[in-house]
Amino acid sequence: MPSSLPIDPPAARSLTGVLPQLIASVSGRADWFAPARSAIVIVADGLGRGNLTQRAAYARFLTERMTKRDAARTVFPATTAAALSSLFTGVRPGEHGIVGYRVRVPGTTSAPNQLTGWEHDGLDPRSWQRAQPIFERESAAGRRCFVVSRAQYAGTGFTTATVRGAEFVAASGIAERLALAEALADAHEGALVYAYIPELDVIGHAHGWESDRWSAELEALDAELRRWDRQLAPGIGAVLTADHGMVDVPAHRHILLGESDDLLGDVETIGGEPRMLHLYAADGAADCVASRWRASESDRSWVMTRTEAIDAGLFGLVHPDVAPRIGDVLVAARSGVAYYDDRSADKKPQRMIGQHGSLTDQERIVPLVRLGAFA
């Protein structure tokens, strides 16, 4: 087991606790948040705490509101599919089963995309994601629950897998999404509302989080949140968080795995994403694959077997049905690199600059900025 593998502090707040604490806040029993009559969680996709603090000049409102305690750790892997599944079920990937961006279906060589591959890859959102969504449970108990997001996400497999039970309300721009979230929370006592903001993540992937375009988008979001917070109706509590942070990896830091690359020996399928690979080995070859990758990559990545990762608790408690979904060998980037299977004819993913998925603090620590009645 890599001796330098980072382990979460026992007292660290987890992204899995956010929704349970919001629900408790409307009953006056929360540990993290003050009492509120309704609660809103805003997810700014890709806005890690490190990204936010390093661009504080563009986010004066958010950074002024954020104290040292206003942070949480997202799950491993630090990727949207795993993190949002954990946020909306309250359990870690080893239980809900969304253990990466691309994950092999046990017994096959297929590694579907866990965000967009549900429909065309035949994943059942009600069984592949194994844990009951919090919104489904709460709505069955009589609580009004709402999702405010872009129309394109309505009815998708991932939406069904993670936020079924909530009423989906489509809105285009950020200002419209925030206004609708506030109106729903104000109109329905005890409501739980989720507002999704993907804009920073989209820009970060395309241009990098250190780009001027990303900073400008952060500045615009910060200004909108300042205005929105000032007009929130009394008693509505809101928290802004994220699913993961982001690391910029320029093209010269890409590690391209070609047809004759020794690192691909005995590897049948590559899953995960560029900063956190799931390597699925031929039968009996996992130890050889791990040894080969450690010899080559241990100076810039954590390399571990499935058993080592499970024993270290990286995925939380791992259900027996979920264990085979995890790669035989995991490669989590420690330095600013990303791994690509260069045998693929589709080179579009190699144009991505902002990336995430691994164990670094930049990718795993996210903000918990309190707004409204929580401030």
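How does aspartate 321 count at 48% relative accessibility: buried, exposed or partly exposed? The structure shown is a predicted model. Aspartate 321 counts as partly exposed, because its relative accessibility of 48% falls between the limits of under 20% for buried and over 50% for exposed. This residue belongs to the loop that connects α12 (306-311) with β12 (329-333). From aspartate 321 to serine 344 the separation is 23 residues in sequence, while the C-alpha to C-alpha distance in space is 30 Å.

The description now turns to a sheet. Six strands form an open sheet with mixed pairing, in the order β4-β3-β5-β1-β6-β16. Its edges are formed by β4 (167-170) and β16 (369-372), each of which pairs on one side only. On average, and with direction ignored, neighbouring strands of this sheet are turned by 20 degrees against each other.

Strand β1 has a partner on either side in this order, namely β5 and β6. With β6 (residues 236-241), strand β1 (residues 38-44) pairs in the parallel sense over six bridges. Within that pairing, alanine 39 has glycine 237 as its bridge partner, and valine 41 stands opposite valine 239. Strands β1 and β5 also run parallel and are joined by six bridges; here valine 41 stands opposite tyrosine 194 of β5.

The side chains of β1 can be followed residue by residue. Ser38, Ile40, Ile42 and Ala44 point one way from the strand, whereas Ala39, Val41 and Val43 point the other way, and all are buried. Strand β1 is largely enclosed by the rest of the structure, because seven of its seven residues are buried.

Part of the surroundings of the sheet is helical. Helix α8 (residues 174-187) lies across β1, β3 (145-149), β4, β5 (192-197) and β6, and its direction is at about 175 degrees to β5.

In soluble globular proteins, nonpolar side chains tend to be buried together. In this model, the largest nonpolar core comprises 76 residues, and those with the most contacts inside it are Val18, Leu19, Leu22, Ile42, Phe135 and Leu225. Apart from residues up to four places away in sequence, leucine 225 touches Ile42, Phe61, Leu62, Leu178, Leu240 and Leu371. There is also a second, separate core of 18 residues, with Leu263, Val267, Ala281 and Tyr339 among its members.

Helix α9 (residues 199-207) has as its buried residues Glu199, Leu200, Asp201, Ile203, Gly204 and His205. These buried residues pack against α8, β5, α10 and β14 (354-355). After α9 comes glycine 208, which has a positive phi near 95 degrees.

The neighbouring helix α10 (residues 212-230) contains glutamate 217. What is the nearest side chain of opposite charge to glutamate 217? That side chain belongs to arginine 150, 7.5 Å away, and glutamate 217 is buried yet has no salt bridge. The distance exceeds the cut-off, because a salt bridge requires a side-chain nitrogen of Lys or Arg within 4 Å of a carboxyl oxygen of Asp or Glu. Setting aside neighbours within four places in sequence, the contacts of glutamate 217 are Ile174, Glu199, Leu200 and Ile203. Among these, Glu199, Leu200 and Ile203 are buried residues of α9.

Note on methods: Residues numbered from 1 in each chain as written. Predicted model: local features only at pLDDT ≥ 70, side-chain atom pairs only at ≥ 80, totals over all residues. Heavy atoms only, no water. Pairing = 2+ DSSP bridges. Helix = DSSP H or I, 4+ residues; strand = E, 2+ residues; numbered from the N terminus. Axes fitted to C-alpha atoms, helices over the stretch in contact; angles between N-to-C directions. Contact = heavy atoms within 4.5 Å. Buried < 20%, exposed > 50% of the residue type's maximum accessible area, 1.4 Å probe, protein only. Lys, Arg positive; Asp, Glu negative; His and termini not counted. Core = buried A, V, L, I, M, F, W, Y, C linked by side-chain atoms within 4.5 Å.
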